[in-house]
Amino acid sequence: MSEIPWWGLPLVAVVFALAGAATALLVTARNEQVRNRRKRTRRWYEERKDAYVALLAVFERNTYRLRSAYDSGDKPASGLAYVDEAAPALMRVRLLASGPVRSAALAVHVLLQKLHGEMNPASVSGVQPQTHFRELLTQVPLVIQQFEEAVRVELRIDIEAPAGSELSDGDVRGRARQLLRR
């Protein structure tokens with residue numbers, strides 16, 4: 001026979017029911033936390049990726065405009081026109097990015113801003129303004145490449161694929177689908 005009095009049995013049942021309900025509540029809360037963390041991580045990645053792509057598009061567009069203006073002998077657009085176009089994309093990157101990405105983006109911005117400004121031959125002794133402009137223009141892709149590398153590191157984008165002999169066609173297609181989903 002049990003040593004629990006008859007009036008204590010409902011009390012034991014209530015204690016076990018409360019313990020089961022608390023366990024179910026804790027498991028549900030933990031699952032919600034994991035699901036929300038996954039959503040936050042995806043949102044973190046998507047926000048940064050969109051901001052970086054928008055800024056890279058602005059940089060590439062302006063580089064193309066500068067090169068075509070230089071090739072045709074026209075004067076490049078004013079510095080204010082460049083800043084008006086680049087400022088929204090640059091501000092998103094400045095707010096979202098880590099230190100290395102922010103620094104690389106600002107380096108590209110400063111270089112493009114110099115190219116949009118008046119070429120001052122006095123700043124570089126012994127160099128003609130046209131030569132100085134052309135040299136700065138050839139540096140733009142290199143500085144953009146440093147920005148892209150900083151973005152790859154921050155977003156953990158792996159650009160090197162394993163050797164062809166290691167992957168079958170199905171693995172390559174699966175990896176490509178996985179990269180496109182990001």
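Let's start with contacts along the chain: in this predicted model, residues 24 or more positions apart account for 77% of the contacts with a separation of 6 or more. The protein has five helices and zero strands, so reading along the sequence gives you the pattern α-α-α-α-α. Of its 182 residues, 22% count as buried.

Here are the helices that come up in this report:

| Helix | Residues |
|---|---|
| α1 | 9-72 |
| α2 | 79-96 |
| α3 | 99-116 |
| α4 | 129-155 |
| α5 | 169-181 |

**A pair of helices**

Take a look at α2 and α3. Their axes come within 11 Å and cross at roughly 180°. Anything over 145° counts as roughly antiparallel, and therefore that's the label for α2 and α3. Who makes the contact? On the α2 side you'll find G79, Y82, V83, L90, V93 and R94, while α3 brings V101, R102, A105, L106, H109, L112, Q113 and H116. Sorted by class, that contact has eight nonpolar, four polar and two charged residues.

Now for α2 by itself. How far should its 18 residues span? At 1.5 Å a residue, the expected figure is 26 Å, and the C-alpha atoms at the two ends are 25 Å apart, which agrees. There is a kink in α2, though: about 45° at A87, shortly before the proline P88. As for what is tucked away, the buried residues of α2 are Y82, A86, A89, L90 and V93. Among them, Y82, L90 and V93 also take part in the contact with α3.

**Two residues to find**

First up is T63, which sits in helix α1. Is T63 buried or exposed? The cut-off for buried is under 20% relative accessible area, and T63 counts as buried because its relative accessibility is 6%. If you set aside the neighbours within four places in sequence, T63 is in contact with L112, V140 and I144. You've met L112 already, as one of the α3 residues that touch α2. V140 and I144 fall within the residue range of α4.

Then there's R156, in the loop between α4 and α5. What is unusual about its backbone? Most residues other than glycine have a negative phi. Phi of R156, however, is near 55°, a positive value in a residue that isn't glycine. With a relative accessibility of 72%, R156 counts as exposed, since the cut-off for that is over 50%.

Conventions: Residues are numbered from 1 along each chain as its sequence is written. This is a predicted model: local features need pLDDT of at least 70, side-chain atom pairs count only at pLDDT 80 or more; totals for chains, interfaces and linings use all residues. Side-chain values use heavy atoms; hydrogens and water are left out. Axes are lines fitted to C-alpha atoms, for helices over the stretch in contact, and angles run from 0 to 180 degrees between N-to-C directions. Helices (H or I, at least four residues) and strands (E, at least two) are DSSP runs, numbered from the N terminus. Angles under 35 degrees count as roughly parallel, over 145 as roughly antiparallel, 65 to 115 as roughly perpendicular and the rest as oblique. Contact means heavy atoms within 4.5 Å. Ala, Val, Leu, Ile, Met, Phe, Trp, Tyr, Cys and Pro count as nonpolar, Asp, Glu, Lys and Arg as charged, and the others, Gly among them, as polar. The expected span of a helix is 1.5 Å times one less than its number of residues. The bend at a residue is the angle between axes fitted to the seven residues ending there and the seven starting there. Buried means under 20% relative accessible area, exposed over 50%, partly exposed in between (1.4 Å probe, protein chains only).
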